[in-house]
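This report looks at charged side chains and at the overall form of a single chain. Please view the sequence and the structure first.

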Amino acid sequence: MKRGLVIGKFMPVHLGHIALIEFAASMCDELIVSMSYTPRDPIPANLRFNWLTEIFNDHPVVKPFLVEDNFDNENLPLPERTRIWANFISRTYPPIDMLISSEEYGIPFAQHLKAVHVLFDPDRERIPVSATLIRREPFKYWSFIPTQVKPYFVKKICLYGAESTGKSTLTLQLAERYNTTSVPEVAREFLTSNNFTVDDIIRIGHAQIDRIKEKLLISNKVLFCDTDTITTQIYSNHYLKTIPDVLYSLEKEITYDHYFLLDIDVGWVADGLRDLGDRREEMMYTFRKALETRSIPYTLVSGNWQQRLNTIEKVLMEKFSLPKPDSNIS
């Protein structure tokens, strides 16, 4: 049996890695993919390993393994470093017949392993990308990121604030303009009045988080969310005079990349659930204080609908390098 080896940090896994592994697998009866990690890595090791295993779950030749990189010495010259690597590989895995790589370390590493070295696309002509480039500018290299990995890089944007400030309308408009998905205020799917129970509010809290996780899987670079778990807490406290502990746990499950706090300088419009038109200043203060108490940065969004849209798109461009859509709202 011919056994091959591919090593890497896969931080993140990208199409270049996939092409390398598929090429290597075509030459072997068994391919060990050894993913190394350190506690200091910018992307968690278990997440990266889950990406690898999910991508190659149906490939019987590919065998991913996760190992801690506690043996390397970056201060040594490459021949000495690769000797240390080879000693580790020999202790950890069965004998390796073939090393497949795209890097300069391949030749000395293979020699120490007493294995054949096969070079794959060293100039990255087939797939011109690297993990470093993706971490630095994920949206620029979006097409090189596998479907399983893209949710990690999606920017989660929360449109936040008191009732009747345009959150729902702007969420839908922004999702359309950026060709992506959005998450509605899920409470409106559960309630027909503000006469609800603690059990209701807990169900709403879980449903909001579940919907975000679901939409992340199909989002294009950015996900616009109408409200968040803090909002659920605020209304729970207002109507029920209590906040279930689970809502604080749910709050920790989703971290938004930016908050837009919508000002109350637009007309209040009544509907079946809105009943705080006479307390707008008070609710605005409550929403703002909730962010500031948590030291969450936010952008205040004021003005007419076009001005609000312009403010949001300007921040998205400056903060996340998301190109501003050309057209104005109709």
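A salt bridge is taken here as a side-chain nitrogen of Lys or Arg within 4 Å of a carboxyl oxygen of Asp or Glu. In this predicted model, the side chains of Arg308 and Asp265 meet in such a salt bridge, with N to O at 2.4 Å. Because Arg308 belongs to helix H13 (residues 305-320) whereas Asp265 sits in the loop between strand E9 (258-262) and helix H12 (280-293), the pair ties together parts that are 43 residues apart in sequence. Arg308 is buried at 0% relative accessibility, while Asp265, with a relative accessible area of 41%, is partly exposed.

By this rule the count comes to 13 salt bridges, including the three listed below.

| Salt bridge | N to O distance |
|---|---|
| Arg308 and Asp265 | 2.4 Å |
| Asp41 and Arg48 | 3.1 Å |
| Arg188 and Glu185 | 3.5 Å |

Asp41 is buried with a relative accessible area of 14%, and Arg48 is buried with 0%. In the pair with Glu185, Arg188 is partly exposed at 36%, whereas Glu185 is buried at 18%.

Lys9, Arg40, Arg135 and Arg136 form a positive surface patch. Within this patch, Lys9 lies in the loop between strand E1 (3-8) and helix H1 (15-25), and its relative accessibility of 35% makes it partly exposed.

The chain as a whole has 13 helices and 10 strands. Its radius of gyration is 25 Å, well over the 20 Å that the globule rule gives for 330 residues, so the chain is more spread out than a compact globule. The C-alpha trace spans about 80 × 45 × 35 Å along its principal axes, and buried residues make up 51% of the 330 residues.

How values were computed: Residues numbered from 1 in each chain as written. Predicted model: local features only at pLDDT ≥ 70, side-chain atom pairs only at ≥ 80, totals over all residues. Heavy atoms only, no water. Patch = residues over 30% accessible without salt bridge, like charges linked within 9 Å, V, L, I, M, F, W, Y side chains within 5 Å. Areas by Shrake-Rupley, 256 points an atom, 1.4 Å probe, with all protein chains shown as cover. Lys, Arg positive; Asp, Glu negative; His and termini not counted. Charge placed at Lys NZ, Arg CZ, Asp CG, Glu CD. Helix = DSSP H or I, 4+ residues; strand = E, 2+ residues; numbered from the N terminus. Buried < 20%, exposed > 50% of the residue type's maximum accessible area, 1.4 Å probe, protein only. Rg over C-alpha atoms; globule rule 2.2 N^0.38 Å.
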